[in-house]
Amino acid sequence: MELISSHCFGIGKIIHKRTRDTDNFFQYNAPYLSINLSNTINIHPFISLNRFNFFSIFYKQHGFRNKKKSLYDFAKNVAEKHNIVFNSIQFICIPSIVGYSFNPISFYLYLDSKNKVKSIIYEVKNTFGDQVHYLTLNKFKDKEFKKNMYVSPFIEMDCTYKISSKNKRKDHFFCNINQFNLKKEQIFYASIDLNLKEITFYNFILFLILNIFGSVKTITLIHYQAIKLLLKKSKFFKYSNRIKDNLYLD
């Protein structure tokens with residue numbers, strides 16, 4: 001799997017599908033940035049790392065979640081602990097737009113000198129502010145993880161994920177997540193399908209204008225779907241324990 005290693009943007013098509021007790025399906029588009037963390041000088045006048053701009057990526061929202069520690073420092077620290085050899089690191093996320101963001105999932109992709117993906121960190125958040133990382137090494141199809149963080153009030157904690165990532169071209173990224181209960185029955189499916197364009201001054205201005213409310217739309221749709229599930233009387237699982245930022249290997 002080869003990925004473009006320059007700074008890029010794109011619209012991600014996101015799908016959520018519930019497959020037990022209450023059928024529910026929705027999809028929406030969200031704005032994404034793909035930033036080369038190994039070279040973050042002069043990305044674009046409207047994009048900033050760790051400071052306010054039209055589009056921002058704040059250190060306190062990702063990685064160590066420490067405003068003094070960069071995302072590159074976080075990814076490098078993981079690489080050193082797990083013997084990941086890389087040439088560059090590509091970070092894919094929904095950026096903060098005029099200071100606000102919600103990122104259900106972000107991606108750190110370790111690339112070699114030929115821009116082939118060697119390892120991936122999946123950074124998952126919930127609406128309560130918890131964060132967990134899943135690290136997969138080398139192979140990227142149906143990597144299985146135990147669910148380690150409360151995400152939806154309509155899905156229990158005793159579950160497993162199977163996560164797959166692939167692409168058709170170097171300017172494309174696709175990830176899907178299948179969730180299974182203890183009986184190994186599939187209960188949920190989610191995916192993101194993202195086509196990337198290199199950032200130029202003028203094409204990014206148009207992207208900004210068209211997606212200025214992208215993060216607000218994401219969080220609004222998530223809560224709207226939750227209300228629908230409540231009205232359909234889906235089984236409710238109460239949020240109880242906050243977790244620390246943990247990392248789990250495949």
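## A nonpolar patch on the surface

Phe52, Phe54 and Val98 come together as a nonpolar surface patch, and their combined accessible area is about 300 Å². Of these residues, Phe54 sits in the loop that runs between β3 (47–49) and β4 (55–57). Phe54 has a relative accessibility of 39%, so this residue counts as partly exposed.

Please keep in mind while browsing that this is a predicted model.

## The chain as a whole

Stepping back from the patch, the protein chain contains three helices and 15 strands. Of its 250 residues, 53% are buried. The chain exposes about 12,700 Å², and 54% of that area is supplied by carbon and sulfur atoms.

How do the contacts spread along the sequence? Taking contacts between residues at least 6 apart in sequence, 57% join residues that are at least 24 apart.

## The two sides of helix α2

Helix α2 spans residues 201–210, and Phe204, Phe207 and Leu208 are buried in it. These residues lie on the same side of α2 because they cover an arc of only 100° around the axis. The general geometry helps here: an α-helix has 3.6 residues a turn, so residues three or four places apart point the same way.

What covers the buried residues of α2? The cover includes the strands β1 (8–18), β2 (24–36), β3 and β4. Two of these strands, β3 and β4, have already come up, as they flank the loop that holds Phe54. Turn to the other side of α2 and you will find Tyr202, Ile209 and Leu210, which are exposed.

## Asn167 and the start of the chain

Asn167 is located in the loop between β11 (160–166) and β12 (172–180). Along the chain, Asn167 and Met1 are 166 residues apart, yet a distance of 6.5 Å separates their C-alpha atoms.

Which residues does Asn167 touch, once its neighbours within four places in sequence are set aside? Its contacts are Met1, Glu2, Leu3, His172 and Phe173. For two of these residues, the backbone oxygen can be paired with a polar atom of the Asn167 side chain: the distance is 2.6 Å for Glu2 and 3.3 Å for His172.

## Three salt bridges

Side chains of opposite charge can pair when their charged atoms come close. How many salt bridges does a search of the whole structure find? There are three.

One of them joins the side chains of Lys125 and Glu123, with an N to O distance of 3.0 Å. Are these two residues buried or exposed? Both Lys125 and Glu123 are buried.

Another salt bridge links Asp142 with Lys141, at 4.0 Å from N to O. Asp142 has 38% relative accessibility and therefore counts as partly exposed, while Lys141 reaches 65% and therefore counts as exposed. In the salt bridge between Arg169 and Asp171, the closest N and O atoms are 2.8 Å apart. Arg169 is partly exposed, at 39% relative accessibility, and Asp171 is also partly exposed, with a relative accessible area of 27%.

Key: Residues are numbered from 1 along each chain as its sequence is written. This is a predicted model: local features need pLDDT of at least 70, side-chain atom pairs count only at pLDDT 80 or more; totals for chains, interfaces and linings use all residues. Side-chain values use heavy atoms; hydrogens and water are left out. Helices (H or I, at least four residues) and strands (E, at least two) are DSSP runs, numbered from the N terminus. Contact means heavy atoms within 4.5 Å. A polar contact is a pair of N or O atoms within 3.5 Å; within protein, one must be able to donate a hydrogen and the other to accept it, and residues adjacent in sequence count only if both atoms are side-chain atoms. Patches are made of residues with over 30% relative accessible area and no salt bridge: like charges are joined within 9 Å, nonpolar side chains (Val, Leu, Ile, Met, Phe, Trp, Tyr) within 5 Å. Accessible areas come from the Shrake-Rupley method with a 1.4 Å probe; for residues, only the protein chains shown count as cover. Buried means under 20% relative accessible area, exposed over 50%, partly exposed in between (1.4 Å probe, protein chains only). The arc is that of the directions from the helix axis to the C-beta atoms.
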